[in-house]
Amino acid sequence: MEQLTRPAPGVLEWREVAEPDLRGPLEALVRPVVVATCDLDHPIASGLTPIPGEVAMGHEGIAEVVAVGDGVASVRPGDRVIVSFQISCGTCDRCRRGQTGSCRRVPPGAMYGFGAFGGGDWGGFLSDVVRVPYADAMLVPVPEELDPAAIASASDNLPDAWRCVAPHLRADPTADVLVMGGGGRSIGLYAAGIAVALGARRVRYADDDAGRLAVASDLGAEAVEIDRTEAKLKPRAGIVVDAGASPQSLACACRSVAPGGHCTHIGVIYEVETPIPLLEMYSTGVTLTASRAMARPLIDEVLALAGTGRFRPELVTDRVLPWREAQTALLQPHTKLVFTRG
Ligand SMILES: [Zn+2]
Ligand SMILES: [Zn+2]
């Protein structure tokens, strides 16, 4: 079968590789048909991350079920499904607590699209066939009424954005939301759009890129132009999302939290230690969350919100392209691309 492979940083090739087989009764084989870029795909493809070695690219998308093991109950061949990017059994104690990115039955960090860095090589979605080890736990049927290209990021970036704002708005519906965008390019915009759709009183999106600021406005957020030198943004907000992926952005985000509020840091910073304004955070009473998304339990909520029409994730997508253009397009900067089979 054909697989888009990064043999080395900065190089992408369509390669012939062996097709995966079913290895047990709980497994499924799926054929990806609509694949979105994750905010990390361009950095991985281009060698802007420390992720080493050969990588089968792609870990967000919608697939058609090709075959299932005898023990699979929730999907059948022909079904269209969202495939969670993290490999999770759904039944261990961590999965039951929602920590599906840390499942005990697979190596730490097991996921598609990251090569050996992702807890062993599980393949990537820009491939003809992908093996899903726990089909009932990892596959979510796609509602008929939703446009697959709009929700292809439901594997990863959409639930990542959801967890930055939705639980905190539930806890305090009166809180203002501030998103520092630019690093996690689509996640920051999705977070702003989700907060607007959930009825947040005020949603601001801060960035130095005119294109993303325009998208934020289209999503219903207030666009705030910044130049990346700000120590803090005023007025402070009870819910802050740091998608800036830089120490400056993180510090600014932490200082921009209103008393008793919450900051979620999602943009990956590859330093071993990163300074934060701890005294100021202590004085203000800031809770800082720094974690990977635990995608699977949130996919259903993301799809339900998209189904209301109040949140339009397609506004974040730059372009929908033919499948084979992934080879060149992934190496060019973008916010969100979607690749579809012809
Ligand atoms: Zn990702
Ligand atoms: Zn598990």
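Colleague: Two strands pair if DSSP finds at least two bridges between them. Over how many bridges do β6 and strand β8 pair?

Modeller: This is a predicted model, in which local features need pLDDT of at least 70, side-chain atom pairs count only at pLDDT 80 or more, and totals for chains, interfaces and linings use all residues. Residues are numbered from 1 along each chain as its sequence is written, while chains are lettered from A and ligands numbered from 1 in the order in which they are written. Valine 83 has its bridge partner, leucine 139, in β8. The pairing of β6 with β8 (residues 139-141) is antiparallel, and the bridges number three.

Colleague: Which residue in β6 is the bridge partner of alanine 63?

Modeller: Strand β5 spans residues 61-68 and strand β6 spans residues 80-83. The two run antiparallel and are joined by three bridges. In β6, the partner of alanine 63 is valine 81.

Colleague: How many helices and strands does the chain have?

Modeller: Both are DSSP runs numbered from the N terminus (helices H or I, at least four residues; strands E, at least two). On that count the chain has eleven helices and 16 strands.

Colleague: What is the strand order in the open sheet of three strands?

Modeller: The pairing in this sheet is antiparallel. Its edge strands, β2 (11-16) and β4 (55-56), each pair on one side only. β1 (residues 2-8) meets β4 over two bridges, with threonine 5 opposite alanine 56. The order is therefore read, with DSSP strand numbers counted from the N terminus, as β2-β1-β4.

Colleague: Which strands lie at the edges of the sheet of six strands?

Modeller: This open sheet has parallel pairing and the order β11-β10-β9-β12-β13-β14. The strands that pair on one side only are β11 (222-225) and β14 (287-290).

Colleague: What is the average twist from one strand to the next in that sheet?

Modeller: Axes here are lines fitted to C-alpha atoms, for helices over the stretch in contact, and angles run from 0 to 180 degrees between N-to-C directions. For the six strands, the twist averages 20°.

Colleague: Which helix packs on this sheet?

Modeller: Within the sheet, β9 (residues 177-180) and β12 (residues 237-242) are parallel partners over four bridges. Valine 177 stands opposite isoleucine 239 there. The packed helix covers residues 157-171, touches β9, β12 and β13 (257-265), and makes about 165° with the direction of β12; it is α5.

Colleague: At roughly what angle do the axes of α5 and α10 cross?

Modeller: The axes of α5 and α10 (residues 299-308) come within 9 Å. Contact (C-beta atoms, placed from the backbone, within 7 Å) involves Leu158, Pro159, Trp162 and Ala166 of α5 with Ile299, Glu301 and Val302 of α10. The two helices count as roughly perpendicular (65 to 115 degrees; under 35 is roughly parallel, over 145 roughly antiparallel, the rest oblique). The crossing angle is roughly 85°.

Colleague: Is glycine 123 buried or exposed?

Modeller: Glycine 123 sits in the loop between α2 (93-96) and β7 (130-132). Leaving out residues up to four places away in sequence, glycine 123 touches Pro20, Ala56, Tyr112, Val130 and Arg131. A residue is buried if 20 or more other C-beta atoms, placed from the backbone, lie within 10 Å of its own, exposed if 12 or fewer, and partly exposed in between. Glycine 123 has 23 such atoms, so it is buried.

Colleague: How far apart are the C-alpha atoms of glycine 123 and leucine 4?

Modeller: Along the chain, glycine 123 and leucine 4 are 119 residues apart. In space, their C-alpha atoms are separated by 9.7 Å.

Colleague: Which residues does the cis peptide bond join?

Modeller: Most peptide bonds are trans. Here omega is about -5°, and proline 235 lies in the loop between β11 and β12. The joined residues are lysine 234 and proline 235.

Colleague: What is the phi of arginine 228?

Modeller: Most residues other than glycine have a negative phi. Arginine 228 is in the loop between β11 and β12. With 14 C-beta neighbours inside 10 Å, arginine 228 is partly exposed. Its phi is positive, about 75°.

Colleague: Where does alanine 245 lie?

Modeller: Alanine 245 also departs from glycine-free habit, with a positive phi of about 60° although it is not a glycine. Alanine 245 is buried, with 24 other C-beta atoms within 10 Å. Its place is the loop between β12 and α8 (247-255).

Colleague: What percentage of the chain's residues count as buried?

Modeller: The C-alpha atoms fill a box of roughly 55 × 40 × 35 Å along the principal axes. Among contacts between residues at least 6 apart in sequence, 68% join residues at least 24 apart. Of the 342 residues, the buried share is 50%.

Methods:
Contact = placed C-beta atoms within 7 Å.
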